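Please look through the chain below with this note beside you, and take the points one at a time. They are written for someone who is new to reading structures.

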Amino acid sequence: MGAPLLKSLTSHSFRILLVENNAENADLARQRLSEVADYSIEVLQVTRLSDAITTLDKMTVDAAIVGLDLPDSSGIDTLRRLRDLRPDIAVVVIAGDATEDLCNMALREGALDFLNKSELGSRLVTRTIVHALERLKAQKRQSQIEALLSVNPEAVVVIDQDGMVKLANDAALKLFGKDHAELLDKDFGLPVMVGKVSEVQFLCCGVSHTAVMRVVDCEWEGKPAFLASIRDTTEERQLAEQLRKAQKMEAIGLLAGGIAHDFNNLLLVMVIYAEIVFNGLDPGDRRRADVQEILDAVERAQALTEQLLAFARHQPIEPRIVDLNEVVNGVHNLLRRTLPANIDIQAVNQQGLWPVTVDPRRAEQVLMNLAVNARDAMPSGGKFTVVVENTALAEPTAQLPVGDYVSIRVSDDGAGILPEDISRIFDPFYTTKDVGKGTGLGLATCYGIIRQSNGDITVQSEAGIGTTFTIMLPRTRETVAVVMKSTVLTGPRVRGTETIVVVEDEPAVLRSTSRILRDAGYTVVEAVNGVDAREVIARQTKVDLVLTDVIMPKMGGTQLAEHLVVDFPQLKILFMTGYANDPSLTASTERHVLFKPFQSLDLLGKIREVLSTAEVAVKPIEALSA
């Protein structure tokens with residue numbers, strides 16, 4: 001039945017069923033129908049309601065002219081029975097006595113128009129039929145549009161020229177969080193710009209949403225209207241913003257890590273030469289106090305670089321499998337001695353907490369940094385709460401895949417963070433505190449430590465209400481903790497006579513490191529990169545240890561080690577680096593690593609430690625990505 005109907009709407013060809021038992025009236029109606037211009041009308045005539053029902057069952061009919069005085073039916077019941085059978089056809093009612101009440105009743109029952117039998121010979125019949133057919137075309141077209149829009153996954157709304165909603169599909173109801181009664185014949189409330197793609201914002205269930213809307217002209221119920229197609233971009237924008245922030249943080253992290261690495265080289269040179277000057281002065285020399293001030297300043301600078309490296313995720317860590325309840329409980333006791341008495345501290349733990357792999361000292365540092373922030377946000381006191389619980393992440397985020405996590409929610413009811421500060425809250429050196437009251441590295445450090453532990457940290461805050469930081473750390477199913485050992489010997493065996501090849505591309509670091517070793521009795525051979533080192537080692541009759549930087553031009557320390565495994569498998573290697581993000585350095589007990597900047601005793605003690613170990617063939621290691 002659908003195909004012939006579509007054809008009739010486009011070809012202006014209609015089939016009309018005439019239900020009238022009076023032959024004279026029927027002839028008049030047929031004659032007038034034949035005079036309808038621009039329409040091809042086929043008339044089927046029956047005299048009984050039962051015959052009409054049979055005809056409607058067998059073939060497609062577009063409209064019906066129905067008399068209410070039939071042999072087997074009379075009155076308005078005739079119309080009802082036809083409408084029940086075929087609610088989609090246009091019906092014009094004819095009656096011998098067309099009272100106003102009867103006419104109104106017929107219209108309420110679905111008739112498009114009403115004619116008195118005395119009017120069948122007039123041209124009113126033509127106008128009535130044409131009007132009914134046009135309304136039929138409009139209704140069919142509107143029904144098709146409604147059917148099409150109802151299955152459209154994108155929200156579609158029809159708005160009249162007064163801005164009132166005339167149609168909303170299911171997707172639109174879901175988008176705006178309303179039912180038909182709340183939306184239809186109500187003001188649309190959004191700007192309508194025909195022919196343009198615009199971004200609009202609206203509230204749904206109290207939550208702000210952003211959408212893209214396209215508007216075109218259309219016709220609705222015979223009047224000009226607008227058809228708006230709306231696509232919710234809220235989640236898309238949130239994901240894009242998360243990705244943008246992640247990329248920004250990654251870029252800042254690379255920059256911070258590079259700066260800290262170069263700065264550590266400078267600090268290393270300062271420390272070594274300051275120590276040389278300090279040790280060369282007599283105990284009573286007043287200049288020793290001046291040099292000590294230099295060493296103290298270098299130590300403070302080193303603390304800053306450690307925070308930068310934490311943000312850049314290059315800080316040395318000692319991860320192991322821990323129960324975060326223990327970490328929180330340990331910090332809880334420390335907080336009671338650190339935070340003022342007007343701050344109420346609460347810790348909520350969950351029994352059966354999943355284990356995670358994290359450096360517990362760094363995790364404590366994160367919680368302490370957040371506690372200091374909360375303290376500053378609550379100068380008059382308040383509540384500081386830490387909640388630890390198992391969390392199953394059902395949807396991936398910009399930073400985390402779906403899976404099991406242990407979450408730590410750290411909340412305060414302090415001043416909160418302004419919306420314009422939220423997006424930059426983890427940036428290094430960004431602070432909302434007064435000048436001199438913060439370095440802007442506390443939250444940056446937290447971010448770096450958590451990301452280095454394969455987790456994520458997010459913040460939610462409302463000015464005047466409070467702030468909540470949420471830390472997510474992935475659940476681990478391992479049973480053996482991975483611990484980085486970095487023992488430094490400071491006993492009497494800090495001197496030696498062995499031959500050491502020092503490989504370092506930074507001239508000042510190379511000179512200062514070599515001087516420490518020579519002053520301690522070692523024979524030192526210098527090289528500026530891995531290629532140079534291979535040539536130097538090949539010319540030496542004996543080499544006991546190679547002290548090499550990791551990142552160098554031409555050939556780095558790890559690539560050098562790969563070659564030495566083949567050429568000199570028993571040769572011992574000690575890496576020195578300002579980075580710590582490569583698992584090949586931190587996850588193996590066979591890798592010896594000294595992190596910059598180090599003091600003289602650190603270097604000499606580590607040298608003796610490595611030289612004192614049993615001779616073990618150096619296994620290949622992968623190149624650092626740092």
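The points below go from the whole protein to one sheet and then to three single residues.

1. Before anything else, please keep in mind that this is a predicted model, so every value in this note is computed from predicted coordinates. Taken as a whole, the protein has 19 helices and 24 strands, and buried residues account for 47% of its 626 residues.

2. The accessible surface of the protein comes to about 31100 Å², and carbon and sulfur atoms hold 52% of that surface. If you consider the contacts between residues at least 6 apart in sequence, you will find that 67% of them join residues at least 24 apart.

3. In which order do the strands of the five-stranded open sheet lie? Reading across the sheet, the order is β9-β8-β12-β11-β10, and the pairing is antiparallel. The edges are formed by β9, which covers 165-168, and β10, which covers 197-204, and each of these strands pairs on one side only. On average, neighbouring strands of this sheet are turned by 35° against each other, when direction is ignored.

4. At one side of this sheet it is worth following a single pairing in detail, namely that of β8 (residues 155-160) with β9, where the two strands run antiparallel and are joined by three bridges. If you trace the partners, V158 has L167 in β9 as its bridge partner.

5. Is N369 buried or exposed? This residue is found in helix α12, which spans residues 360-377, and N369 counts as buried because its relative accessibility is 19%, while the cut-off for buried is under 20%. Leaving aside residues up to four places away in sequence, N369 touches G442, T445 and C446.

6. Two residues deserve a second look for their backbone angles, and D185 is one that has a positive phi, of about 60°, although it is not a glycine. D185 is placed in the loop between α8 (180-183) and β10, and with a relative accessibility of 46% it counts as partly exposed, since that class lies between the limits of 20% and 50%.

7. N454 likewise is not a glycine and yet has a positive phi, in this case of about 65°. The loop that holds N454 runs between α14 (442-452) and β18 (456-462). With a relative accessible area of 56%, N454 is exposed, because exposed means over 50%.

Methods: Residues are numbered from 1 along each chain as its sequence is written. This is a predicted model: local features need pLDDT of at least 70, side-chain atom pairs count only at pLDDT 80 or more; totals for chains, interfaces and linings use all residues. Side-chain values use heavy atoms; hydrogens and water are left out. Two strands pair if DSSP finds at least two bridges between them. Helices (H or I, at least four residues) and strands (E, at least two) are DSSP runs, numbered from the N terminus. Axes are lines fitted to C-alpha atoms, for helices over the stretch in contact, and angles run from 0 to 180 degrees between N-to-C directions. Buried means under 20% relative accessible area, exposed over 50%, partly exposed in between (1.4 Å probe, protein chains only). Contact means heavy atoms within 4.5 Å. Accessible areas come from the Shrake-Rupley method with a 1.4 Å probe; for residues, only the protein chains shown count as cover.
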